[in-house]
Amino acid sequence: MKPIDHYERQLHAEGFRLIAGVDEAGRGALAGPLLAAAVILPWGFDVDGLADSKLLTPNQRDVWFGRIRERAVSVAVCRSFPRRIDSRGLHVSNLRLLRLAIKSLDTRPDFVLTDGFPMPGVRLPHLSIKKGDVITASVAAASVVAKVTRDRMMDRYHRRYPRYGFDRHRGYGTPSHRAAIAQYGPCPIHRMSFKGMGLYMEDRDTYLRLYLKDHLLREPTATGRRAPGSESEAIEPDEPTTVDLDDLGGPP
């Protein structure tokens, strides 16, 4: 197998010195923000053991997050909350977040590597690579930063909305998460445009029949509306400064 920094080495040999990787976290979740991160790793950064965030354990991700934050030439993180995702659409929000993450780097890259699909509107030399987070060091680094930052946000959301178990499933559509939605109704960080959430709003009886587990206590708290509260969540001091797409306004 090729080393994970194979593409970076090739680009460096062609004269590119500042190579940014960009990736997102939370794309398929039913709840919580969508995050995108961009990372420029320094030349010579030790990538032995670095991998896509999904292939690392939580402890390994935390270790790599610290190394990347300490050594990276530049790191940028951007987020979009569920209401914008619902109103603008997931794909549009995702593309704009990825572009914004690149733009938010405090050092302009010479080249950008992305995971999976083309990036229209990026006015820099760039390449989209299938499974880029698995085979490209800078994209893997971006996936770690996005994943760890988002997971920490979901831990804090868990303290605010403990009934849903966000500290376990991070907002993804697990059976226990869907059962909690059936029992308690959605909260402010649920993405109401996503598959299954629309069913809850349109045919609650069918949703309950499909997803409510018998061992859960049935409490009359579900109202068919989001519970009071706020989507926004602060960033802890040891996390990268995060740009909110929602604050920028304008077209996607």
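**A tour of two helices and three strands**

Helices α8 and α10 lie oblique to each other, because their angle falls outside the ranges that count as roughly parallel, perpendicular or antiparallel. This is a predicted model. To see the pair, select residues 175–184 for α8 and residues 204–211 for α10. The two helices pack at an angle of about 140°, and their axes are 9 Å apart. Their crossing is left-handed.

Next, show the side chains where the helices touch. On α8, select R178, A179, I181 and A182. On α10, select Y207, L208 and Y211. Sorted by class, this contact between α8 and α10 has six nonpolar residues, one charged residue and no polar ones.

Now move to the strands. Select residues 34–40, which form strand β2. Is β2 buried or exposed? Seven of its seven residues are buried, so the rest of the structure largely encloses β2.

Turn on the side chains of β2. L34, A36, A38 and I40 point one way, while L35, A37 and V39 point the other way. Both sets are buried. Side chains in a regular strand alternate between the two faces of the sheet.

Which strands pair with β2? Add residues 19–25, strand β1, which runs antiparallel to β2 and is joined to it by six bridges. Within this pair, look for G21, which stands opposite V39 of β2. Then add residues 74–80, strand β3. β3 pairs with β2 in the antiparallel sense over seven bridges. To finish, select L35 and find R79 of β3 opposite.

Notes: Residues are numbered from 1 along each chain as its sequence is written. This is a predicted model: local features need pLDDT of at least 70, side-chain atom pairs count only at pLDDT 80 or more; totals for chains, interfaces and linings use all residues. Side-chain values use heavy atoms; hydrogens and water are left out. Buried means under 20% relative accessible area, exposed over 50%, partly exposed in between (1.4 Å probe, protein chains only). Helices (H or I, at least four residues) and strands (E, at least two) are DSSP runs, numbered from the N terminus. Two strands pair if DSSP finds at least two bridges between them. Axes are lines fitted to C-alpha atoms, for helices over the stretch in contact, and angles run from 0 to 180 degrees between N-to-C directions. Angles under 35 degrees count as roughly parallel, over 145 as roughly antiparallel, 65 to 115 as roughly perpendicular and the rest as oblique. A crossing is left-handed if the near helix is turned anticlockwise from the far one by less than a right angle, and right-handed if clockwise. Contact means heavy atoms within 4.5 Å. Ala, Val, Leu, Ile, Met, Phe, Trp, Tyr, Cys and Pro count as nonpolar, Asp, Glu, Lys and Arg as charged, and the others, Gly among them, as polar.
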